[in-house]
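Work through the exercises below with the sequence and the coordinates open. Each task is followed by a solution in steps.

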Amino acid sequence: MAKAAVFAAGFWGWLVVLALRGGTLGVPHLLAATGALATTAAGLALGVRLALQHNAAVRHAELKRVLVDISWNAFAAVGNSESPAKVVPFPMSPPEPGRPGRRP
């Protein structure tokens, strides 16, 4: 993404210099404009992808933390139970209407 930003800045700078010099529109103007638009679009696409990956990484870390908490609570529940084979169940939401409940 940083390389795309550097190239975009270069192309935009080149386009501004060509525009300030004046003269007729030619191939250099077309190359500068095309390069500026293409590298800007590539930089934006890469930036969006990076933001989505960051959000996914944050969600994944949170999910792992919750799973570790659940695992630790289950381990502690077995250790704190009064009878050796008793496991304290986690609270569950009631089944949705029309869907079967827990499996036997």
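## Exercises on helix α2

I70 sits in helix α2, which covers residues 27–80. The model is a predicted one.

**Exercise 1.** Classify I70 as buried, partly exposed or exposed, and list the residues of the nonpolar surface patch that contains I70.

Solution.
- Step 1. The relative accessible area of I70 is 40%.
- Step 2. Buried requires a value under 20% and exposed a value over 50%, with partly exposed in between. I70 is therefore partly exposed.
- Step 3. Patch members need over 30% relative accessible area and no salt bridge.
- Step 4. The nonpolar patch is formed by L63, V66, L67 and I70, and their accessible area together is about 330 Å².

**Exercise 2.** Determine whether H29 and T39 are buried or exposed, and find the residues each one contacts beyond four places in sequence.

Solution.
- Step 1. H29 is located in helix α2, and T39 is also part of helix α2.
- Step 2. H29 has a relative accessible area of 15%, so H29 is buried.
- Step 3. T39 has a relative accessibility of 15%, so T39 is buried.
- Step 4. Apply the contact cut-off, heavy atoms within 4.5 Å. With residues up to four places away left out, H29 touches L15, L18, G22 and T24.
- Step 5. With neighbours within four places set aside, T39 contacts A4, F7, A8 and F11.

**Exercise 3.** How many salt bridges does the structure hold, and which residues do they link in a network?

Solution.
- Step 1. Side chains of opposite charge can pair when their charged atoms come close. The cut-off here is a side-chain nitrogen of Lys or Arg within 4 Å of a carboxyl oxygen of Asp or Glu.
- Step 2. The structure contains 2 salt bridges.
- Step 3. One joins the side chains of R65 and E62, with an N to O distance of 2.7 Å. R65 and E62 are 3 residues apart in helix α2, so about one helical turn separates them.
- Step 4. Another joins the side chains of R65 and D69, at 2.7 Å from N to O. R65 and D69 both belong to helix α2 and are 4 residues apart, about one turn of the helix.
- Step 5. E62, R65 and D69 are thus linked in a network of salt bridges.
- Step 6. Check the accessibility of the three residues. R65 is partly exposed at 42%, E62 is partly exposed at 40%, and D69 is partly exposed at 34%.

How values were computed: Residues are numbered from 1 along each chain as its sequence is written. This is a predicted model: local features need pLDDT of at least 70, side-chain atom pairs count only at pLDDT 80 or more; totals for chains, interfaces and linings use all residues. Side-chain values use heavy atoms; hydrogens and water are left out. Patches are made of residues with over 30% relative accessible area and no salt bridge: like charges are joined within 9 Å, nonpolar side chains (Val, Leu, Ile, Met, Phe, Trp, Tyr) within 5 Å. Accessible areas come from the Shrake-Rupley method with a 1.4 Å probe; for residues, only the protein chains shown count as cover. Helices (H or I, at least four residues) and strands (E, at least two) are DSSP runs, numbered from the N terminus. Buried means under 20% relative accessible area, exposed over 50%, partly exposed in between (1.4 Å probe, protein chains only).
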